[in-house]
Amino acid sequence: LREQYNTGVPPVVGVTVDGAKGLTSPTRGNKMSTYCVIEVVNKPYTRLQTLELQGPMPLWDYTGVLSKVGFGDVLKFAVYR
């Protein structure tokens, strides 16, 4: 990534989200629907999102590509229900 950044080539980063464990639901049962959002902090146009899956242990097996990533940028992973 450093070489791409220094040569002016727009850096591209592959991101994989396997799943989540230990999620709890405010309701009874496994009816909660969860998804994961990935983005570069302060760059909302880089946002990627998994599919919504039900249950406390979703296995998304999601892979996406983030472009326009700068050297030193921070990735944020957030799980929502």
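This passage describes the fold, core and selected residues of one protein chain in a predicted model.

The protein chain contains one helix and six strands. Starting at the N terminus, the order of elements is α-β-β-β-β-β-β. The helix thus heads the list, and the strands follow. Contacts across the chain were then examined. Among contacts with a separation of 6 or more, 62% join residues that lie 24 or more positions apart.

The overall dimensions come next. Along the principal axes, the C-alpha atoms occupy a box of roughly 55 × 20 × 20 Å. The radius of gyration of the protein chain is 15 Å. For a compact globule of 81 residues, the value would be near 12 Å. The accessible surface amounts to about 5800 Å². Carbon and sulfur atoms hold 53% of that surface. Buried residues make up 31% of the 81 in the protein chain.

In soluble globular proteins, nonpolar side chains tend to be buried together. In this model, the largest nonpolar core has 11 residues. Its members are Val-13, Val-15, Val-17, Ala-20, Cys-36, Ile-38, Val-40, Leu-48, Trp-60, Leu-66 and Val-69. Three strands each provide at least two of these residues: S1 (12-19), S2 (33-40) and S5 (59-67). One core member, Val-17, was followed in more detail. Beyond four places in sequence, Val-17 touches Cys-36, Ile-38, Thr-50, Trp-60, Asp-61, Tyr-62 and Phe-77. Cys-36, Ile-38 and Trp-60 in that list are themselves core residues.

Two further buried residues were examined. Val-37 sits in strand S2. Its relative accessibility is 5%, so Val-37 counts as buried. With residues up to four places away set aside, Val-37 touches Arg-47, Leu-48, Gln-49, Lys-76, Phe-77, Ala-78 and Tyr-80. Gln-54 does not appear among these partners. The C-alpha atoms of Val-37 and Gln-54 are separated by 16 Å, and the two residues are 17 apart along the chain.

Gly-64 belongs to strand S5. Gly-64 is classed as buried because its relative accessibility is 8%. Outside four places in sequence, its contacts are Val-13, Gly-14, Val-15 and Leu-48. Val-13, Val-15 and Leu-48 also belong to the largest nonpolar core. Between Gly-64 and Phe-77, the C-alpha distance is 13 Å, with their positions 13 residues apart in sequence.

Charged side chains were considered next. The count of salt bridges comes to one. It joins the side chains of Lys-43 and Asp-73, with an N to O distance of 2.8 Å. The pair links distant parts of the chain, 30 residues apart. Lys-43 lies in strand S3 (residues 43-49), while Asp-73 lies in the loop between S5 and strand S6 (75-80). The two ends of the bridge fall into separate accessibility classes. Lys-43 has 19% relative accessibility, so it counts as buried. The cut-off for buried is under 20%. Asp-73, at 30% relative accessibility, therefore counts as partly exposed.

Glu-39 presents another case. This residue lies in strand S2. Glu-39 is buried, yet it has no salt bridge. The nearest side chain of opposite charge is that of Lys-76, at 4.7 Å. A salt bridge requires a distance within 4 Å, so this pair does not qualify. Glu-39 does have other neighbours in space. Leaving out residues within four places in sequence, Glu-39 contacts Pro-44, Thr-46, Arg-47, Val-74, Leu-75 and Lys-76. Arg-47 and Lys-76 also touch Val-37.

Backbone angles were the last feature examined. Most residues other than glycine have a negative phi. Asp-61 has a positive phi, near 50°. Asp-61 lies in strand S5. Its relative accessibility is 63%, so Asp-61 counts as exposed. Asp-61 is also one of the residues that Val-17 touches. Lys-68 has a positive phi as well, near 60°. Lys-68 is placed in the loop between S5 and S6. With 56% relative accessibility, Lys-68 therefore counts as exposed.

Definitions and conventions:
Residues are numbered from 1 along each chain as its sequence is written. This is a predicted model: local features need pLDDT of at least 70, side-chain atom pairs count only at pLDDT 80 or more; totals for chains, interfaces and linings use all residues. Side-chain values use heavy atoms; hydrogens and water are left out. A nonpolar core is a set of buried Ala, Val, Leu, Ile, Met, Phe, Trp, Tyr and Cys residues joined through side-chain atoms within 4.5 Å. Buried means under 20% relative accessible area, exposed over 50%, partly exposed in between (1.4 Å probe, protein chains only). Helices (H or I, at least four residues) and strands (E, at least two) are DSSP runs, numbered from the N terminus. Contact means heavy atoms within 4.5 Å. The radius of gyration is taken over C-alpha atoms; the globule rule is 2.2 Å times the number of residues to the power 0.38. Accessible areas come from the Shrake-Rupley method with a 1.4 Å probe; for residues, only the protein chains shown count as cover. Lys and Arg count as positive and Asp and Glu as negative; His and the chain ends are not counted.
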